Amino acid sequence: MNSKERVILHSDLNSFYASVELLNYPKYRGKPFAVGGNQEDRHGIILAKTPEAKMDGVKTGEPIWQAMKKCPNLIVVPPNYEKYLYYSDRVQKVYYSFTKQVEPFGMDECWLDVTGSQRLFGSGKEIADCIRKIVRESFGLTVSIGVSYNKIFAKLGSDLKKPDATTEITKNNFKDIVWPLGCGNMIMVGPATQRKLSSIGIYTLGELANSDERIIKKMLGINGIRIRNWANGKDNTPVTDYYYEPPIKSIGRGITTVEDMKDSCSVQSVLMELCQEVSEKLIEHGFLATGISISIRDNKLQSRNYTARLEYPTSSSIEIIRVAMELFKEYSWDYNIRAVKIRATNIIRDNTSYQITALKDVKEHEEMVNLENAIYKIRGRFGKKSVIYCNMMLKRYIPDDKREMVIMPSTYIAEQKRMYQK
Ligand SMILES: [Mg+2]
């Protein structure tokens, strides 16, 4: 196998809900068996079924009464999601013992990138067979695994042989395995797309792969190009590590205003709005800033930056604004200002303990934090315009397409301007 080639597994727990339930009801093994919602309420549909039920024509998603008509011996038990989550989690831990790159897709499916695991654990197929054995022997559940050089074919492969099987799709065999299949076997090709494709005589993935790119693009747009590429094995999307957190160092917001700003008051109002957005982002992601930097650019495109360390870590917009305003005082005007940016720097997790004694006034700080949280709750519920700082009601320098315009009586604006003019 080419050394640059990726090795991707798609592992799919077979009839997941039904298999988990059968662990509790072993006497129903080998009989038509299904998990379904309550027959009395409207959720009374088949959620999962065993292959035996499938042979009698039982379909996932159909009402229980309809399934019972086709299969009078069908045994239906209610779902138990906590139990499914438990097994889903345990099986994922098995995957993580082979690679850190695991991307869950629903409760019972995962992609695994095992490219870097082969020296330790063997080829993709060997890893797949090993995973199947562990899952079977540890939990009494089975998985079907597709092994391929991209995510699309790996997923397709896991559907081909069930239960408890490994299917390998390589660059050498994909034309024999994938191309004879109907288009609907590939992820993202739903009934609507299938109908459109069949209207121009495309039924199999091979026909899609060899179709005229221009015709596909005209009919299905960019999505058409994508699925056509996929049918040719061209898919580079990575297996994203679900638990990976990028090391964010700063959160910033900047804006080029709709017209040049000629006075401090205007710049301050824009800075305040940006500060509030930065604060909201910090809170949303659970971060605190330990520094603030602002960047001011004039209409000759000269930029100047000012930075400050904070006395204590914070996510409060009131505190961030205070520091940003202090920094802006250092700016000396040469030309009118066109763009401003504010950045919360050296951010840390908000559960990082910091010395509370460093606070000048703990009570004042706590009150401010409480006030802020109340404001964000209101903004979250009633929209960002529901609570704003009053000097944000001045002339709007932020582009209209970004936010709606707030128009205030001119006397009010004049009064506000006087307050801030230096
Ligand atoms: Mg499954």
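Start with the magnesium ion: in this predicted model, its protein donors are D12 and D108, each through an OD atom, and L13 through its O atom. These donors lie 2.1 to 2.5 Å from the ion. If you follow the chain, they come with the spacing D-L-x94-D. L13 sits in strand β1 (residues 8-13), while D108 belongs to the loop between β5 (102-105) and β6 (109-113), so the pair ties together parts that are 95 residues apart in sequence.

How buried or exposed are those two? L13 has 4% relative accessibility, and since anything under 20% counts as buried, L13 is buried. D108, at 22%, counts as partly exposed instead.

Now move along to helix α1, which covers residues 16-24. This helix is mostly covered, with seven of its nine residues buried. The buried ones are F16, Y17, A18, S19, V20, E21 and L22. And what lies over them? The cover includes several strands, namely β1, β2 (33-36), β3 (46-49) and β4 (75-77), along with helix α4 (81-96). You have met β1 already: that strand holds L13, one of the magnesium donors.

Helix α4 is worth following further, as it also packs against helix α6 (residues 124-139). Their axes are 10 Å apart and the angle between them is about 145°. The crossing of α4 past α6 is right-handed. On the α4 side, Y87, R90, V91, V94 and Y95 take part, and they meet I131, I134, V135 and F139 of α6. Sorted by class, this contact has eight nonpolar residues, no polar ones and one charged.

Further along the chain there is another helix pair to look at: α9 (residues 191-199) and α11 (residues 213-231). Here the packing angle is about 125°, with 11 Å between the axes. That angle makes α9 oblique to α11, because it falls outside the ranges for roughly parallel (under 35 degrees), roughly perpendicular (65 to 115) and roughly antiparallel (over 145). As for handedness, α9 passes α11 in a left-handed crossing.

Which residues make this contact? From α9 come T193, K196, L197 and S199, and from α11 come I216, M219, L220 and I227. By class, that gives five nonpolar, two polar and one charged. So if you want to compare the two helix pairs on screen, look for the right-handed crossing at α4 and α6, and the left-handed one at α9 and α11.

How values were computed: Residues numbered from 1 in each chain as written. Predicted model: local features only at pLDDT ≥ 70, side-chain atom pairs only at ≥ 80, totals over all residues. Heavy atoms only, no water. Donors = N, O, S within 2.8 Å, 3.2 Å for Na, K, Ca; no water. Helix = DSSP H or I, 4+ residues; strand = E, 2+ residues; numbered from the N terminus. Buried < 20%, exposed > 50% of the residue type's maximum accessible area, 1.4 Å probe, protein only. Axes fitted to C-alpha atoms, helices over the stretch in contact; angles between N-to-C directions. Left-handed = near helix turned anticlockwise from the far one by under 90°. Contact = heavy atoms within 4.5 Å. Nonpolar A, V, L, I, M, F, W, Y, C, P; charged D, E, K, R; others polar.
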